[in-house]
Amino acid sequence: MPASASDFVKALEIGRPPNVVKLFPNSKALIVSGKVIDRAMNAKGHALALAANGRNHFVIRGVLAAAQKANAAILIEIAKSEGGQKAYCPTNYWNMARQVDAACNELGITVPVAIHADHYGIKGDADVMQARVEIPSMFDAGITSIAIDASHLPDEENLLANLELAKYIPAWAGLETEVGEIKGFQGLSTVPEALFLIQGLNAHEVFPDWIALNNGTTHGLEASDAGIQVELTASIHEAVKPYGVNGAQHGTSGNSYERLREIAQKTRTTKANVATALQFISWGLEVNEYGNAKLDANGNFIKVKDEGMTEELWAEMVAFADSKGWKKGDYKSLNLPFENKFLAQPKAIRDRMAARVEAFAYNLITNVFNSADTAPLGIAAILAAGSYDLGPKGMLIEDPAHWTREQLGKRAEGLSKDKGPEGNFED
Ligand SMILES: [Zn+2]
């Protein structure tokens with residue numbers, strides 16, 4: 001059952017954070033903190049919120065329509081590599097809220113939606129310096145949730161970067177932190193690593209909503225069957241449970257639905273990121289049931305006739321990629337140069353790009369992620385709090401005197417220093 005009309009109106013009145021109200025004073029879009037989405041999943045239990053990377057406008061429209069149909073709370077997100085200062089996507093940290101707000105009003109979307117800055121990557125002091133200006137600029141632009149990803153740094157520096165940047169993130173906002181970089185089977189995250197980060201943050205009264213682990217997934221498409229380590233994930237989630245931290249799962253594109261259902265059932269994950277699959281589906285490429293792109297005998301993508309973009313535009317994209325010498329993994333860089341070409345197509349074509357995303361996302365939400373009918377639970381959380389600010393799930397447990405800067409080196413002893421190879425981390 002959808003939330004009652006009066007509950008929706010009340011949630012609209014009190015549930016939108018101040019930055020969103022300021023940007024969109026007359027809007028009827030229920031853009032909320034990421035905390036609202038997390039709490040809605042907690043209330044239902046064993047539910048994963050779809051966190052969809054809106055690499056193009058049609059992904060955003062399709063996912064919003066699917067969420068409305070499934071009556072589900074969701075997040076629309078973009079990562080720094082996709083939509084930061086060196087973006088390869090048209091959707092970025094500064095226009096994502098605007099796109100979502102407009103689409104919600106246009107399409108009559110009444111479910112709660114969070115605007116999540118994913119993989120806000122920090123690889124050293126220069127990034128921290130830039131973040132002090134950039135993070136406030138992103139919240140000015142309507143971001144309501146953020147993932148600080150300093151997981152490429154040694155654990156001690158990861159913690160220090162999270163502590164420093166917490167000062168620039170509003171207390172009401174959704175907060176995700178990451179431990180152990182997402183890098184497939186190299187150096188899976190451990191309980192001590194996760195506890196070091198979460199306890200160190202707790203001692204300084206920083207209470208993340210989510211932790212992302214390296215639990216065996218890869219970004220892009222998950223081709224191998226090995227994939228996400230469910231037992232490891234469950235054990236780490238259990239260890240951080242006293243601190244009120246849930247799990248965020250990255251790189252779910254192409255994972256088997258059995259595996260994703262297991263994650264919902266056996267771990268404390270409430271957020272599941274999907275990027276690559278949605279992009280390919282919007283384009284009209286042939287995918288298997290899990291969203292993995294299929295390839296022809298020559299190793300090329302297969303365009304499904306009369307789905308996604310026009311055949312002419314696809315031919316133009318392939319020619320463009322060939323002219324640059326781009327391989328399959330580089331095709332994501334087509335998002336930025338081709339957005340206006342997508343938008344310039346006939347309405348029927350634009351609609352079918354979004355509709356294909358809607359069908360795939362609806363199935364994910366309802367049949368895999370178990371997050372149908374979580375929209376009213378998000379609205380109920382806002383009404384119960386009487387505010388856009390739901391407060392933290394965690395409370396101070398650790399003794400700050402044991403987590404001073406001077407003690408961190410000693411505390412981090414024994415944790416792995418190998419944080420894996422460099423790479424692009426985007427969903
Ligand atoms: Zn990721």
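## Surface, fold and cores of a predicted chain

The chain exposes an accessible surface of about 15,900 Å². Carbon and sulfur atoms hold 54% of that area. The model is predicted.

Charges come next. The chain carries 41 positive and 52 negative charges. Their mean positions lie 3 Å apart.

The fold contains 17 helices and nine strands. The radius of gyration is 20 Å, close to the 22 Å that the globule rule gives for 427 residues, so the chain is as compact as a globular protein of that length. The C-alpha trace spans about 65 × 50 × 40 Å along its principal axes.

Buried residues make up 60% of the 427 in the chain. Among contacts with a separation of 6 or more, 78% join residues 24 or more positions apart.

The nonpolar cores are summarised here.

| Core | Residues in core | Members, including |
|---|---|---|
| Largest nonpolar core | 106 residues | L50, V63, L64, I76, V100, I146 and W283 |
| Second, separate core | 23 residues | F8, A47, A51 and A381 |

In the largest core, the seven members listed touch the most other members. Helix α4, residues 57-70, supplies the largest share of this core, with eight residues.

I146 shows the packing in detail. Leaving out residues up to four places away in sequence, I146 touches H116, A117, Y120, I135, M138 and F139. I146 also touches I169, G174, L175 and E176.

Terms used:
Residues are numbered from 1 along each chain as its sequence is written. This is a predicted model: local features need pLDDT of at least 70, side-chain atom pairs count only at pLDDT 80 or more; totals for chains, interfaces and linings use all residues. Side-chain values use heavy atoms; hydrogens and water are left out. Helices (H or I, at least four residues) and strands (E, at least two) are DSSP runs, numbered from the N terminus. The radius of gyration is taken over C-alpha atoms; the globule rule is 2.2 Å times the number of residues to the power 0.38. Buried means under 20% relative accessible area, exposed over 50%, partly exposed in between (1.4 Å probe, protein chains only). Contact means heavy atoms within 4.5 Å. Accessible areas come from the Shrake-Rupley method with a 1.4 Å probe; for residues, only the protein chains shown count as cover. Lys and Arg count as positive and Asp and Glu as negative; His and the chain ends are not counted. The place of a charge is taken as NZ of Lys, CZ of Arg, CG of Asp or CD of Glu. A nonpolar core is a set of buried Ala, Val, Leu, Ile, Met, Phe, Trp, Tyr and Cys residues joined through side-chain atoms within 4.5 Å.
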